[in-house]
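Me: Hey, can you walk me through this one? I'm new to reading structures, so plain words please.

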Amino acid sequence: MLQEESDLSLIIAQIVQKLKGSNLYAQLERQAWACLQRPEIRLESLKEDIKEFFKISGWEKKLQNAVYSELNVFPLPSHPSAPPEHLKEPLVYMRKAQRPVGEQKELLNKWNEMGTDEPDLSLFRPVYAPKDFLEVLINLRNPNYENGDSLSFRTHLGLIQVPLKVKDIPELKECFVELGLNTGQLGIDDSTQVPPELFENEHVRIGQKVLAQQDSAAAQQYVRQGSPTALRAELWALILNISSQPEDILYYEQLKTNVIQHDLLVDSLIYKDVKLTASNDDYYFVFEDYLYQVLLCFSRDTSVLGHFAYNSASPPKSYIRGKLGLEEYAVFYPPNGVIPFHGFSMYVAPLCFLYHEPYKLYQIFREMYVRFFFRLHSISSHPSGIVSLCLLFETLLQTYLPQLFYHLREIGAQPLRISFKWMVRAFSGYLATDQLLLLWDRILGYNSLEILAVLAAAVFAFRAVNLMEVTSLAAAEAVLADLSTLKVMPLLQIFLFATVT
């Protein structure tokens, strides 16, 4: 009990500390000073009068949204505070990568046409691809279980060999109760309970009311049944507590200036990834310039370092002046601490359908990354971490579709070798965009990535008849090569609430 109270105090302290450095705090402070001039504010009831003023003027709701948003981010801390070096601004040490003035002007002039004149990328390759990362995860072992101490885990025949706790179907049903067959959903075209058009009209009306109230918690609950296309951008921004203030636009412009002034090696990795993925995608190639703008700015954004406070990984370091190993000469590189892998740009591409102003697109992507996407390429025991998702996927197949699981395993087509690339990219580039956004609605709604593993298992269940006939990994991959025609919500509903018992 004392430990829980201590942990809660630490979380509160972290949230208060973060809010004190925010624009909201400065605005609240100005409003508090301004309301002191109001005649109804009395000295003997000063605290209560100011609280009442905040409530009536709407500032209380803005503060609640900010606190609720931070509660979705902060886990129980393992240390009293994040390492102080995460708050450093390492861009000052990037002067040696200064672009010539002529190059700066050239880049500024072609900022909106960056896809037409990229650098020579022939000598560059991605640092790693999902299949490389999978091999790392496969080799993870807990030494305490090397001798088979856990009989229950010893029966797991998948590729992931670490004994983490993952949910079973009854627990998933309880977690995703709003996905039940008797609950209306956007993305379901043939509901027997309520005609889809009637549900959609009512759902839009409720969504407009949620937006009018500007309540983050209500918006998060609402999107569990899907976001109407016309309201999705505003709903996601409300859930993520993003408001485009003049300071936010200025911050984005500063990042843009850093891109123009400083040429980083990581830029070539970004160019290469966009060329290899989004530029060849039928849905996303038109957003090539947006992707360059967002990802190049992201690489310079040192505020992203803050997520390492709850990320098991640590940002890579470089040492200036040749002082290898001396911490006083250490800087984070890239400045945001994130090295892009093959497919990284696909985290941004679907968001281009929602936000057409670069600074808004940037804000949403950054928040989605530091809340969710970083877990898909970090090794951790978190329930939404990629290791747990892989284990959940394999456990669901082995437990509820054992015949299919054993068949694929026997022919050398371990299911995870096929599904891993879907999960590590949150299905971006595999599902049709409208279906992908419906899936990401639920990620935001449930504040969890576990639904990715459930969907991956549901895809295998849907194609089970064909998969039972294959005799090789290549044939299994061919059966599952095209997911663009799949409907996400019916697959999830049938798998969780109809097929599996």
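Reply: Sure, here is a chat through the overall make-up, a couple of helices, some aromatic rings and a few odd backbone spots. Keep in mind that this is a predicted model.

Me: Good to know. How many helices and strands are in the protein chain?
Reply: The protein chain has 23 helices and two strands.

Me: And what share of the residues is buried?
Reply: Of the 501 residues in the chain, 51% count as buried. The accessible surface is about 24200 Å², and carbon and sulfur atoms make up 54% of that.

Me: What about contacts in the chain, how far apart are the residues in position?
Reply: Taking contacts with a separation of 6 or more, 75% are between residues 24 or more positions apart.

Me: OK, let's pick a helix. Which residues of H9 are buried?
Reply: Phe199, His203, Gly207, Val210 and Leu211 are buried in H9. The helix itself runs over residues 196-213. From first C-alpha to last it reaches 26 Å, close to the 26 Å expected for its 18 residues at 1.5 Å a residue.

Me: Where do those buried ones sit around the axis?
Reply: They cover an arc of only 105° around the axis, so they are on the same side of H9. In general, an α-helix has 3.6 residues a turn, so residues three or four places apart point the same way.

Me: Then what's on the face turned away, and what covers the buried residues?
Reply: The face turned away from the buried side carries the exposed residues Leu198, Asn201 and Ala212. The cover over the buried residues includes helix H10 (216-222) and helix H11 (232-239).

Me: How about H19, is it mostly covered or mostly open?
Reply: Mostly covered: 13 of the 14 residues in H19 are buried. This helix spans residues 433-446 and reaches 20 Å, close to the 20 Å expected.

Me: What happens just after H19?
Reply: Asn447 takes a positive phi of about 50° there. This residue is in the loop between H19 and helix H20 (450-462). Its relative accessible area is 26%, so Asn447 counts as partly exposed.

Me: Which residue in the loop before H19 has a positive phi too?
Reply: That's Phe427, with a phi of about 70° although it is not a glycine. Phe427 lies in the loop between helix H18 (415-424) and H19. Why call Phe427 buried? Because its relative accessibility is 0%, and buried means under 20%.

Me: Switching topic: how many aromatic pairs are there?
Reply: A search of the whole structure finds 24. In one of them, the ring centres of Tyr283 and Tyr284 are 6.1 Å apart and the planes are at 45°, so the pair is tilted. Tyr283 is partly exposed at 36% relative accessibility, whereas Tyr284 is buried at 0%.

Me: What about Tyr310 and Phe374?
Reply: Their ring centres are 5.8 Å apart with planes at 70°, so that pair is edge-to-face. The pair links distant parts of the chain, 64 residues apart. Tyr310 is buried at 15%, and Phe374 is buried at 1%.

Me: Which residues form the aromatic cluster?
Reply: Phe298, Phe341, Phe344, Tyr347, Phe365, Tyr369, Phe373 and Trp440 form one cluster.

Me: Last one: where's the cis peptide bond?
Reply: It joins Tyr333 and Pro334, with omega about 0°. Pro334 is in the loop between strand S2 (330-332) and H15.

How values were computed:
Residues numbered from 1 in each chain as written. Predicted model: local features only at pLDDT ≥ 70, side-chain atom pairs only at ≥ 80, totals over all residues. Heavy atoms only, no water. Helix = DSSP H or I, 4+ residues; strand = E, 2+ residues; numbered from the N terminus. Buried < 20%, exposed > 50% of the residue type's maximum accessible area, 1.4 Å probe, protein only. Contact = heavy atoms within 4.5 Å. Areas by Shrake-Rupley, 256 points an atom, 1.4 Å probe, with all protein chains shown as cover. Expected span 1.5 Å × (residues − 1). Phe/Tyr/Trp six-rings, centres within 6.5 Å; stacked < 30°, edge-to-face > 60°. Arc of directions from axis to C-beta.
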